[in-house]
Amino acid sequence: MFGSRDRTETTVLKLLRETLPARSARMEILPEMTLQKDLAMDSLALLAFTVRLGEEFDIDLNQFADRIGDIRTVNDVLVTAKRIIEQTKAA
Amino acid sequence: MIEINRIIDGHCHVASTDFTPRSFLEGVIDNVVSALAAQGLRPDRNSLLKLYLDKMRDPDCDELISEMADAGIEKAVLLLPDFTYALKDSTLTISEMFDRHQALLQRHPDKFFVFAGVDPRWGIDGIQLFEKAVNEYGFHGLKLYPPCGYSPSDRTLYPYYEICAHHGLPVLTHTGATSPTLGFETARPIFIDQAALDFPTINFILAHGSINYVEECIMLCAFRPNIYLDISGFEMTPVEHLNPLLNRGINHKIIFGTDWPVFRMQGPQKSFVEKLLDDDSPLGNLRKYELEAIFHKSIQALLNRQTKTRGE
């Protein structure tokens with residue numbers, strides 16, 4: 001289960017849920033779930049999530065897309081997205 | 001995790017716009033923009049194009065080699081389709097592309113096999129180029145891309161097939177829809193059948209047979225002894241979508257392939273291998289010899305060139 005979530009994490013999870021394909025759209029999203037296997041996200045779904053993230057937090061698409069190779073789980077998404085969002089704010 | 005002792009990737013490309021024209025990629029992006037717009041998103045087309053282009057900057061295959069090592073892939077087949085006749089924004093000639101692929105064989109010894117193609121409408125020059133590549137460059141097969149506007153059973157391809165038959169080389173042909181800049185009609189698997197009938201000693205491979213015209217591909221593999229399929233593109237669907245394919249008695253005709261760099265946006269090569277070898281993958285129900293056939297033995301057998309001597 002997730003611990004207490006801050007506003008950024010809550011928004012990122014909301015964006016992730018909006019992106020999920022029909023077969024996983026109603027699942028409870030857990031931190032250890034993998035994007036490909038558990039949530040059935042294909043390259044278009046990952047791209048849709050990246051675009052949503054960019055629009056919501058005004059970040060460059062490449063910043064997230066460049067790190068997709070290292071992202072396997074929901075928790076990886078949260079950690080990576082938060083880091084990019086904070087770096088963008090600080091810049 | 002399912003154990004497999006050896007993996008050969010039967011379907012890769014060099015990640016570079018030197019070999020895939022920008023107009024081809026822009027067509028792909030237009031479809032992506034449409035799909036995202038249907039979700040209420042308004043992506044910037046140029047930003048998306050940049051994302052894709054950034055994944056196409058490995059002209060020397062160094063990143064591919066690194067990803068293959070991480071994924072446990074020992075060797076890979078590099079496919080070079082000829083878009084230069086159909087798409088006029090190609091930056092290199094097909095002859096220059098052949099030279100670059102020869103250089104890759106030298107840069108990474110014993111790692112790659114090259115299947116290269118020439119649009120048959122280039123005439124005698126194309127036939128001579130392919131023959132030179134087989135005899136001097138050590139290329140291992142012919143790659144066809146029928147959406148460029150020809151049938152794989154077109155008679156203009158028969159001189160290429162005669163070269164392949166003489167040297168014991170396989171032919172891999174694209175199947176299914178592709179960039180909207182090209183035609184889809186000739187991408188049906190059945191168009192290979194006449195050539196397969198006329199050249200029974202050549203082994204033909206239907207690319208993307210697990211996702212495009214699956215029933216047609218299964219039928220051809222089951223009844224035509226010299227037709228195989230590869231599963232590249234399996235990344236697009238949940239792994240259980242392979243089930244219909246794996247229960248039809250054609251597992252000795254199925255070849256593993258990833259279609260690098262098409263799915264780089266989705267994850268590394270290792271993640272795709274793991275997807276297939278996961279404990280609850282449908283491949284877990286296969287016997288050891290079937291797994292070995294899919295992951296290396298079938299493609300390895302097709303790669304064993306055997307040039308005929310005079311009189312054969």
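A crossover is right-handed if, with the strands pointing away from the viewer, the path from the first strand over the helix to the second runs clockwise. In this predicted model, chain B offers such a case: strand E8 (residues 204-206), helix H8 (residues 214-223) and strand E9 form a right-handed β-α-β unit.

Allow me to stay with E9 of chain B, residues 227-230. E8(B) runs parallel to E9(B), and 3 bridges join the two; across this pairing, B:Ile205 stands opposite B:Tyr228. E9(B) also pairs with strand E10 (residues 254-255) of chain B, again in the parallel sense, over 2 bridges. There, B:Asp230 has B:Ile255 as its bridge partner.

Is E9(B) covered on one face or on both? Both faces are covered, with B:Ile227 and B:Leu229 buried on one side, and B:Tyr228 and B:Asp230 buried on the other. In a regular strand, side chains alternate between the two faces of the sheet.

I turn now to the contact between the chains. Chain B contributes 20 residues and chain A 17 residues. On the side of chain B that touches chain A, the elements giving two or more residues are helices H1 (22-37), H2 (45-54) and H10 (269-277). H2(B) gives the most, with 4 residues. By character, this side of chain B comprises 11 nonpolar, 5 polar and 4 charged residues.

Finally, H2(B) itself. Its buried residues are B:Leu48, B:Leu51 and B:Tyr52. Because they cover an arc of only 95° around the axis, they lie on the same side of H2(B). These buried residues pack against helix H3 (61-65) of chain A together with H1 of chain B.

Notes: Residues are numbered from 1 along each chain as its sequence is written. Chains are lettered from A and ligands numbered from 1 in the order in which they are written. This is a predicted model: local features need pLDDT of at least 70, side-chain atom pairs count only at pLDDT 80 or more; totals for chains, interfaces and linings use all residues. Two residues are in contact if their C-beta atoms, placed from the backbone, lie within 7 Å. Ala, Val, Leu, Ile, Met, Phe, Trp, Tyr, Cys and Pro count as nonpolar, Asp, Glu, Lys and Arg as charged, and the others, Gly among them, as polar. A residue is buried if 20 or more other C-beta atoms lie within 10 Å of its own, exposed if 12 or fewer, and partly exposed in between; C-beta atoms are placed from the backbone. The arc is that of the directions from the helix axis to the C-beta atoms. Two strands pair if DSSP finds at least two bridges between them.
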